[in-house]
Amino acid sequence: MLVIAGAVACGGDSHAPPIDAAPTSLLYIVVATPSEPVGRPARAEPPVVFVDGSATTDFRTTYASEADAVAADHVVELRAGSAVVASLALPGTDLASCGSGVVTSYSVQLCEYDSGDLRVFGDSAQLAAGDAGRGACAGDHGCAPECTQTTCGANRKCGAIVTSQEPLFSHLGCAPVGSAAVGSACTVAADGTDDCDAAGVCVGGTCRELCGTSCDICELVDGLPPELAVCT
């Protein structure tokens, strides 16, 4: 039987084992799916997904028991050369979401963005509790971003958090609204946030106007999240 919660999948037997049964081994899987938006050309040197230090988009390991799996931690990194531009810590499996039966496999699906982001499918309650990394449950529509323009609160914006300026890599996150207007010079602080106002994002040292503010002809920028397209 396969039980699915978001894209976290648990496979096993729906019947509980006898009390004296031997521990059941568990297959743990992490799959990272390229999720670049249609229309953005591939980067000349795209970042590479690493799981526990090895370059792979399909990580699999078998634990001797559920207890061993729960106790394990896994680190997923998106690397551009030697630089880590995004990372996720995946704690031990959330076997409680799989019911009371014997669990023989557990998998987590991630979305990988060449702009510099890793997002994870998962139950929204787990995500809110910090148990499954960055993102929110998005059903069949892919991995949702960490924030939107309406979720960050007063005097804050959902903007680019830059993890590398040259070349540019970033992910979405809540940040203070700056004072630099569209068309003005801008800077990126040490924490990766820029000083553009809510209508703009810093690209090449200038605040570019975000799509949907007063334009509807836009372009995607290498290194910026797909949600931050800019006016052409």
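In the predicted model, strand S4 (residues 48–51) and strand S7 (residues 74–80) run antiparallel and are joined by four bridges. Within this pairing, Val49 has Leu78 of S7 as its bridge partner, and Phe50 stands opposite Glu77 in S7. In a regular strand, side chains alternate between the two faces of the sheet.

Strand S7 is also joined to strand S8 (residues 83–90), here by seven bridges, and the two strands again run antiparallel. One residue pair in this ladder is Arg79 with its bridge partner Val84 in S8. The connection between S7 and S8 is a hairpin with two residues between the strands. Gly81 lies in the turn of this hairpin and has a positive phi of about 65 degrees.

These pairings belong to an open sheet of four strands, arranged in the order S5-S4-S7-S8 with antiparallel pairing. The edges of the sheet are formed by strand S5 (54–55) and S8, each of which pairs on one side only. In the strand order, S4 and S7 stand between S5 and S8. S7 thus takes part in both of the pairings described above, with four bridges to S4 and seven to S8.

A separate element, strand S10 (residues 117–120), contains Arg119. Arg119 has a relative accessibility of 1% and therefore counts as buried, the cut-off for this class being under 20%. The side chain of Arg119 makes a polar contact with the side chain of Glu227, at 3.0 Å.

At the level of the whole chain, two helices and 16 strands are assigned. The chain comprises 232 residues, and 43% of them count as buried. Its accessible surface comes to about 11300 Å², with 54% of this area belonging to carbon and sulfur atoms. Sequence separation was also examined for contacts between residues at least 6 apart in sequence: 54% of these contacts join residues at least 24 apart.

Technical notes:
Residues are numbered from 1 along each chain as its sequence is written. This is a predicted model: local features need pLDDT of at least 70, side-chain atom pairs count only at pLDDT 80 or more; totals for chains, interfaces and linings use all residues. Side-chain values use heavy atoms; hydrogens and water are left out. Two strands pair if DSSP finds at least two bridges between them. Buried means under 20% relative accessible area, exposed over 50%, partly exposed in between (1.4 Å probe, protein chains only). Contact means heavy atoms within 4.5 Å. Accessible areas come from the Shrake-Rupley method with a 1.4 Å probe; for residues, only the protein chains shown count as cover. A polar contact is a pair of N or O atoms within 3.5 Å; within protein, one must be able to donate a hydrogen and the other to accept it, and residues adjacent in sequence count only if both atoms are side-chain atoms.
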